[in-house]
Structure formats: C-alpha cells, structure tokens
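Biologist: I would like to learn how to read some features of a protein model, one at a time. Where should we begin?

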Amino acid sequence: MSNSQKKAQVGVIGLAVMGSNLARNFAHHGHTVAVFNRTTSKTEAFIQEHGTEGEFIPATTMADFVAALERPRRAIIMVQAGAGTDAVISQLADLMEPGDIIVDGGNALYTDTIRREKEISARGLHFVGAGISGGEEGALNGPSIMPGGTVESYESLGPLLESIAAVVDGTPCCTHIGPDGAGHFVKMVHNGIEYADMQVIGEAYHLLRYAAGLEPQEISEIFREWNQGDLDSYLIGITAEVLAQVDAKTGKPLIDVIVDAAGQKGTGRWTVKDALDLGIPTTGIGEAVFARALSGARTQRAAAKGNLPAGELNNLEKLNISRADFVEDVRRALYASKLVAYAQGFDEIIAGSKKYEWNVDPRDLATIWRGGCIIRAHFLNRIVEAYNDNPEVESLLLAPYFTKEMGDSIDSWRRVVVAATQLGLPIPVFASSLSYYDSLRAARLPAALIQGQRDFFGAHTYERIDLPGHFHTLWSGDRTEVEA
Ligand code: NBP
C-alpha cells in the first residue's frame with residue numbers, strides 16, 4: 001500500500017534485482033520504505049507487483065524521494081557500481097541535510113568508498129559503504145551486511161539493517177565493521193574467498209568425475225553427504241542441487257551442457273590486486289581468479305586441446321587407489337584447501353585493517369558470515385573460536401582446531417595432488433594451497449638463493465642467519481663479504 005502522508009524510515013534507490021528485494025525485505029519487517037528508480041516505469045512495475053507486501057512510498061523524482069524520508073534520512077543506493085553510484089550520491093547529497101545518511105549497498109571498490117566518505121562527510125552528511133552479500137535470495141530473506149562508516153551513523157542505521165539481516169543463533173548477520181571503506185573492503189575479500197571456495201568445490205567435482213569416473217547424479221549424492229559434516233555450507237548444498245539437475249532439452253545432466261567458461265564481475269580480481277599491494281600471499285584466491293580467466297580463454301583452449309603433449313598418464317587403478325578411498329581423500333583435500341583459502345583471506349583482512357587503521361575484529365566477520373551470505377558455513381564458528389582463544393594468532397592454520405584438521409587431512413591431500421598430477425587433471429587451488437602450506441611450515445625456503453642472486457646482479461644485500469646487519473659479497477671482485 002502506498003501512502004504519501006507517512007514518512008519512510010528508509011529509502012532504496014535502484015530497483016533492479018538487489019534493490020527491489022532489499023526494499024521488500026524492509027517492508028516485510030514493518031518499515032515504511034521510500035523507493036526510487038532512475039527509470040520511473042521500473043518503480044511503477046515494482047509497486048504494481050509488490051505494493052501490497054508492505055508500506056511503500058514510490059517517488060518519481062529524487063527530490064520527492066528525499067522529502068519522503070524521516071530524519072535523519074537513511075537512503076540506500078543499490079545501483080550499478082562505479083559512475084552510476086557517483087551520479088546518485090551527488091544528486092542525493094545536494095538534497096540532503098547535515099546528519100542524514102547515504103548508504104552505498106552496491107559492490108563498490110573500497111578505495112572509491114574512502115574517497116566518497118571523505119567528500120560526503122565534509123558536507124556534514126554520513127556516508128556508509130555497506131557490503132551486502134547473499135544475492136537476490138539473501139536481499140529478500142536476510143542478507144549478511146557489512147557496513148562501514150562512522151560509529152554515529154551505525155547508531156541510527158544499525159538497528160534498521162540488523163532488522164532485515166539473516167539471524168544465526170539469535171545474532172543478526174550485521175555489525176559495524178569499521179570506518180570509511182572497511183565494510184566494502186571486507187565484502188571484497190569475502191567475495192575473493194567465495195571464488196576460492198567455489199573453485200575447490202569445482203576441483204573436487206572434476207576429480208570425482210574424471211579420475212573416479214562417477215556420474216553427476218552420484219557426485220551430487222556425495223556432496224549431499226559431505227554437507228552433513230565439516231563441509232556443511234551453502235556452496236556445498238547448491239553444488240549438490242546443480243549436479244542433480246537434468247537438462248530438459250537433451251535429457252543430459254545440466255552440468256554437461258553448460259559451457260565451461262566461468263564469468264567474473266571483478267571483486268575476486270580486486271581482492272588479489274590488493275593482496276599483491278599488501279604483500280599477502282592469498283594464493284588460493286589468486287589461483288581461483290586465474291582459473292576463471294583460463295576457463296574463459298576459449299580460443300586459446302580450443303587451439304591447445306589435443307595439441308599439447310600430456311606425457312604418460314596414469315589412472316586410479318594403476319595408482320592402486322580404490323574409488324572409496326579416493327572419494328574420502330578428495331573430501332579431505334577439499335577441506336584442507338578451503339581452510340587455507342580462508343586463512344589467507346583473513347590474513348588479508350587483518351593486513352588491510354592495519355594499513356587503514358580500521359580496527360576490524362575478524363571474529364565479527366566470521367560471526368556475520370555464518371548466515372545470509374554465499375560463503376555461509378558451519379565451520380565459521382571455528383574461526384570465531386580461534387580468534388577468541390588467541391586474537392594474535394599468526395595464521396588461522398596455527399589455531400588448534402585448524403592445525404588438527406590439517407594433520408587429519410595432509411596425507412589425503414598429498415595423495416590427491418599426486419594422483420591428479422599423474423592423471424593430467426588440473427587442480428590449481430588444491431596444488432597451490434598445498435605448496436603454500438608446505439612453504440609456511442618449511443624450515444628453509446629457496447628465498448636464501450634468491451637473495452644471493454639479487455645480491456649478485458643488483459647488490460641488493462642479504463641478511464645472515466648468524467649476524468645482525470646487511471651484507472654484500474663482492475661478486476665481480478675478490479668475492480669477499482662486506483657489511484653494507
Ligand atoms: P545492477 O548492478 O544491474 O544496476 C541496475 C540499477 O542501477 C538500475 O536500477 C539502474 O537504473 C541503476 N542505474 C544505473 Br545502471 N546507472 C544509473 C545512474 N547513472 N543513475 C541512477 N541509477 C542508475 O543492479 P543489481 O544487480 O540489483 O545490483 C545493485 C548493486 O548491488 C550493484 O552494485 C551490485 O554489484 C551489487 N550486488 C549485486 C548482487 C547480485 O547478486 N546481483 C549481490 C551483491 C551486491 P535504471 O533502471 O534506470 O537503468
């Protein structure tokens with residue numbers, strides 16, 4: 001029901017998939033919601049379709065939209081990230097008054113959010129970059145929400161957002177993350193972790209299909225079973241659904257008629273670029289982003305298919321591995337690789353938080369990612385426990401639960417990596433995560449040689465294990481060592 005007399009507690013701008021579902025979610029929770037879309041016909045269609053679900057105030061101009069909001073005004077922008085967001089912010093800011101709050105709920109790059117927050121706060125308004133995860137279904141029924149911005153803005157905005165967020169064990173999946181770009185930064189890394197999680201699941205499927213020779217329906221059942229244990233998560237659940245789907249047109253498993261080229265919108269790539277800048281080895285996320293890129297290089301792949309020597313390939317029988325053992329090994333390899341990806345993602349969040357002085361509490365993230373979002377998973381409770389036990393833990397992998405899981409998985413993981421390599425099947429994240437793990441635990445790394453090489457060609461100096469200071473060998477002279 002629309003009501004032009006009443007003021008709205010919240011407004012949503014942009015009535016595409018995310019905005020319309022979010023607006024409905026607010027209305028379902030008893031809030032009056034002002035709605036506006038650049039193309040008015042979309043607002044009309046929205047009211048036509050959903051107007052009876054709650055109290056909406058449709059606006060045909062931005063001025064009407066702003067006038068419909070109670071103060072302090074709370075307007076959530078759900079438009080395409082980038083130029084569209086900038087345009088809407090500028091129009092809104094011109095119409096708003098000090099103390100009002102502009103929320104960008106889109107997938108903005110966090111550095112844009114930092115810039116926007118600076119500009120908007122200089123005008124006396126609050127600007128909140130809020131990561132919202134859960135896609136269409138989450139926006140409607142309870143997303144995971146990661147708002148940045150000032151503490152003051154959260155006092156007004158928080159209860160509203162918490163009222164529509166997913167709830168796990170009585171706790172809403174929404175909390176104040178930290179100042180300016182903190183919310184969008186953690187949402188970015190969340191998406192990066194999502195890339196790695198999806199890729200390791202993909203690798204497990206690929207091995208069960210092409211190494212163990214199982215059919216999609218059988219693999220669906222295996223994933224369903226896995227979803228009862230440690231791997232219990234949204235992504236494992238939907239994997240079972242996708243694999244069980246039969247294509248109505250051909251009668252084949254749907255998976256077999258979908259082109260094997262994965263798309264991406266950019267948040268995974270941003271996560272990796274930022275990890276490079278921060279010097280954090282998020283190898284799992286990186287390999288997952290590259291795996292999508294390689295899958296999409298369709299011309300190059302077509303040229304290479306059947307034309308690159310594979311060497312002598314093996315099979316499970318020759319490797320003396322039973323199918324049942326292999327399935328269990330793959331489950332453990334999947335879990336171990338996944339834990340590595342999460343550990344790396346949390347390393348990046350901690351490093352980003354330090355760089356920007358955001359004071360992000362990693363426990364908050366593990367808590368609010370338990371529901372609503374794409375990477376929601378049972379084991380996130382373990383991350384909360386790990387940081388509760390030791391907030392300064394050097395890596396999540398060193399927390400007792402994780403170390404034990406790695407110990408229980410490591411032999412399986414090595415067998416899977418060896419088997420996949422001998423079968424010629426690609427497992428970029430399984431393999432690179434194992435290398436990361438072995439690098440992390442290594443007593444010595446070949447980095448000593450790299451330092452020697454760097455000193456040889458560029459006099460970059462090296463440190464010694466037995467003396468303080470920096471040293472240089474006179475490589476082109478008499479090869480004695482001097483202190484730099
Ligand atoms: P889209 O990203 O497809 O954006 C479409 C909306 O943006 C329409 O309402 C459109 O208005 C509006 N818009 C554009 Br485009 N340019 C505009 C401009 N210059 N001024 C005003 N409005 C403009 O919508 P979405 O998929 O609902 O996503 C919204 C945001 O949420 C994005 O940032 C997205 O990355 C993020 N997000 C999406 C998901 C998801 O699962 N889809 C999940 C999480 C976050 P029009 O109707 O007049 O063209």
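Modeller: Begin with how elements are named: helices and strands are DSSP runs, a helix having at least four residues and a strand at least two, and they are numbered from the N terminus. Keep in mind that this is a predicted model.

Biologist: Where is Gly-105 found in that scheme?

Modeller: Gly-105 is in the loop between β5 (101–104) and α5 (110–121).

Biologist: Is Gly-105 buried or exposed?

Modeller: Buried means a relative accessible area under 20%, and exposed means over 50%. Gly-105 has 4%, so it is buried. Leaving out residues up to four places away in sequence, Gly-105 touches Ile-76, Ile-77, Met-78, Ala-130 and Ile-132. The C-alpha atoms of Gly-105 and Pro-147 lie 8.5 Å apart, with their positions 42 residues apart in sequence.

Biologist: How should I read a residue in a strand, and what surrounds Ser-144?

Modeller: Take the element, then the accessibility, then the contacts. Ser-144 belongs to strand β7, residues 144–147. Its relative accessibility is 0%, and Ser-144 therefore counts as buried. Apart from neighbours within four places in sequence, Ser-144 is in contact with Gly-131, Ile-132, Ser-133, Cys-173, Ile-368, Trp-369, Gly-371, Gly-372 and Cys-373. With Ile-368 there is also a polar pair: a polar atom of the Ser-144 side chain is 2.6 Å from the backbone oxygen of Ile-368.

Biologist: Can we do the same for helices? Which helices hold Thr-239 and Glu-287?

Modeller: Thr-239 is in α10, residues 234–244, and Glu-287 is in α12, residues 283–296. Thr-239 has a relative accessible area of 15%, so it is buried. Beyond its neighbours within four places in sequence, Thr-239 is in contact with Ile-201 and Phe-223.

Biologist: Why is Glu-287 called partly exposed?

Modeller: Because its relative accessible area is 30%, and the range between 20% and 50% is called partly exposed. Glu-287 touches Pro-428, Val-429 and Ser-432, with residues up to four places away in sequence left out. By contrast with those contacts, take a plain distance: the C-alpha atoms of Glu-287 and Leu-423 are separated by 20 Å, and the two residues are 136 apart along the chain.

Biologist: What should I look for in the backbone?

Modeller: Most peptide bonds are trans, and most residues other than glycine have a negative phi. The exceptions deserve a look.

Biologist: Which peptide bond is cis here?

Modeller: The bond from Arg-71 to Pro-72 is cis, with omega near -5°. Pro-72 has its place in the loop between α3 (62–67) and β4 (74–77).

Biologist: And what is phi at Glu-357 and at Asn-359?

Modeller: Glu-357 has phi near 55°, a positive value in a residue other than glycine. Asn-359 has phi near 60°, again positive in a residue other than glycine. Glu-357 is in the loop between α14 and α15, and Asn-359 lies in the loop between α14 and α15 as well. Glu-357 counts as exposed because its relative accessibility is 70%; for Asn-359 the value is 71%, so it is exposed too.

Biologist: How do I read a pocket, and which residues lie nearest the centre of the second largest pocket?

Modeller: Read the volume, then the lining. The second largest pocket has a volume of about 470 Å³. It is lined by 18 residues, of which Ile-350, Lys-354, Pro-362, Pro-391 and Glu-392 lie nearest its centre. Two or more lining residues come from each of α14 (323–356) and α15 (362–368), and α14 gives the largest share, 5 residues. By class, the lining has 9 nonpolar, 3 polar and 6 charged residues.

Biologist: Last, the ligand. How many residues surround it?

Modeller: There are 19, and the closest are Met-18, Asn-37, Arg-38, Thr-39 and Lys-42. For polar pairs, check whether the protein atom is in the backbone or the side chain. An N or O atom in the side chain of Arg-38 is 2.9 Å from a ligand oxygen. For Val-17 a backbone N or O atom lies 3.3 Å from an oxygen atom of the ligand, and for Gln-80 a backbone N or O atom lies 3.2 Å from a ligand oxygen.

How values were computed
Residues are numbered from 1 along each chain as its sequence is written. This is a predicted model: local features need pLDDT of at least 70, side-chain atom pairs count only at pLDDT 80 or more; totals for chains, interfaces and linings use all residues. Side-chain values use heavy atoms; hydrogens and water are left out. On a 1 Å grid over the protein atoms alone, a cavity is a set of points where a 1.4 Å probe fits but cannot get out, and a pocket is an open set with protein on both sides within 12 Å along at least five of seven lines; lining residues have an atom within 4 Å of a point. Grid points are joined across faces, edges and corners, and a volume is the space filled by probe spheres set on the points. Ala, Val, Leu, Ile, Met, Phe, Trp, Tyr, Cys and Pro count as nonpolar, Asp, Glu, Lys and Arg as charged, and the others, Gly among them, as polar. Buried means under 20% relative accessible area, exposed over 50%, partly exposed in between (1.4 Å probe, protein chains only). Contact means heavy atoms within 4.5 Å. A residue is near a molecule or strand if one of its heavy atoms lies within 4 Å of it. A polar contact is a pair of N or O atoms within 3.5 Å; within protein, one must be able to donate a hydrogen and the other to accept it, and residues adjacent in sequence count only if both atoms are side-chain atoms.
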